[in-house]
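Reader: Shall we go through this model together? Please begin with the terms you rely on.

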Amino acid sequence: MNTYTQQELNYILEQHKLWLTNQGGLRAQLRNADLSHLALQNLDLRCANLTRTNFSGADLSGTNMDEADITYANFSHANLNKATFRDADLRNANMSHAQMLDIDLYGADLFRTDFSHANLSDSAINRVDTSNTIIKLRNPSQQCIST
């Protein structure tokens with residue numbers, strides 16, 4: 001895993017902010033980063049590459065991760081209250097034991113995302129867009145039936 005000093009992380013986030021507003025900068029590439037147990041509240045991480053990033057125990061409350069690539073990321077025991085994940089790619093992410101009150105998952109790809117023991121508000125599930133879902137969940141104890 002990649003580790004960053006606070007100064008390095010601040011630089012990456014500032015560059016990402018410029019990139020988001022078309023003022024130069026660079027898209028945040030925090031792939032395989034260890035950001036566990038950090039205070040990362042109210043950040044704008046839209047469209048960032050957060051693949052396999054370790055956010056375990058981090059405080060990401062109010063952070064915007066819309067349209068980010070967050071596949072295989074670890075959010076276990078993280079504070080995600082009021083975070084947004086609109087159209088984010090959360091496939092295979094670990095959100096077990098996370099605090100997830102008033103989050104926005106509209107349009108997020110949640111294939112194989114682990115929500116076990118997460119404190120997830122009902123309103124978050126109501127915001128999930130299932131109109132383009134191609135995977136139908138089933139009881140894993142049932143056998144597959146070919147048609």
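Author: Helices (H or I, at least four residues) and strands (E, at least two) are DSSP runs, numbered from the N terminus. This is a predicted model, in which local features need pLDDT of at least 70 and side-chain atom pairs count only at pLDDT 80 or more, while totals for chains, interfaces and linings use all residues. Residues are numbered from 1 along each chain as its sequence is written, and side-chain values use heavy atoms, with hydrogens and water left out.

Reader: Which elements does the protein chain have, and in what order do they run?

Author: The protein chain has two helices and two strands. From the N terminus on, the order is α-β-β-α.

Reader: What does the end-to-end span of H1 look like?

Author: Helix H1 covers residues 6-20, and its 15 residues should span 21 Å at 1.5 Å a residue (the expected span is 1.5 Å times one less than the number of residues). The end C-alpha atoms of H1 are 21 Å apart, which agrees.

Reader: And which residues of H1 are buried?

Author: Leu9, Ile12, Leu13, Gln15, His16 and Leu20 are buried in H1. Buried means under 20% relative accessible area, exposed over 50%, and partly exposed in between, with a 1.4 Å probe and protein chains only.

Reader: Where do those buried residues fall when seen down the axis of H1?

Author: The buried residues of H1 fall within an arc of 160 degrees, so they line one face of the helix. The arc is taken over the directions from the helix axis to the C-beta atoms. On the face turned away from the buried side, H1 carries the exposed residues Gln7, Tyr11 and Lys17.

Reader: What follows H1?

Author: Asn22 follows H1, and its phi is positive, near 55 degrees. Most residues other than glycine have a negative phi.

Reader: Turning to the loop between H1 and E1, what is the phi of His37, and what is that of Glu67?

Author: His37, which is not a glycine, has a positive phi of about 60 degrees. For Glu67, also a residue other than glycine, phi is positive and near 60 degrees. His37 lies in the loop between H1 and E1, and Glu67 is found in that loop as well.

Reader: Are they buried or exposed?

Author: His37 counts as exposed at 62% relative accessibility, and Glu67 counts as exposed at 52%.

Reader: What about Ser56?

Author: Ser56 is in the loop between H1 and strand E1 (99-100). Ser56 is buried, with a relative accessible area of 13%. The side chains of Ser56 and Asn54 are joined by a polar contact of 2.8 Å. Such a contact is a pair of N or O atoms within 3.5 Å; within protein, one must be able to donate a hydrogen and the other to accept it, and residues adjacent in sequence count only if both atoms are side-chain atoms.

Reader: How far apart are Asp44 and Thr84 in space?

Author: Asp44 and Thr84 are 9.9 Å apart, C-alpha to C-alpha, and 40 residues apart in sequence. Asp44 is partly exposed, with a relative accessible area of 33%.

Reader: To finish, how much of the protein chain counts as buried?

Author: Of its 147 residues, 37% count as buried.
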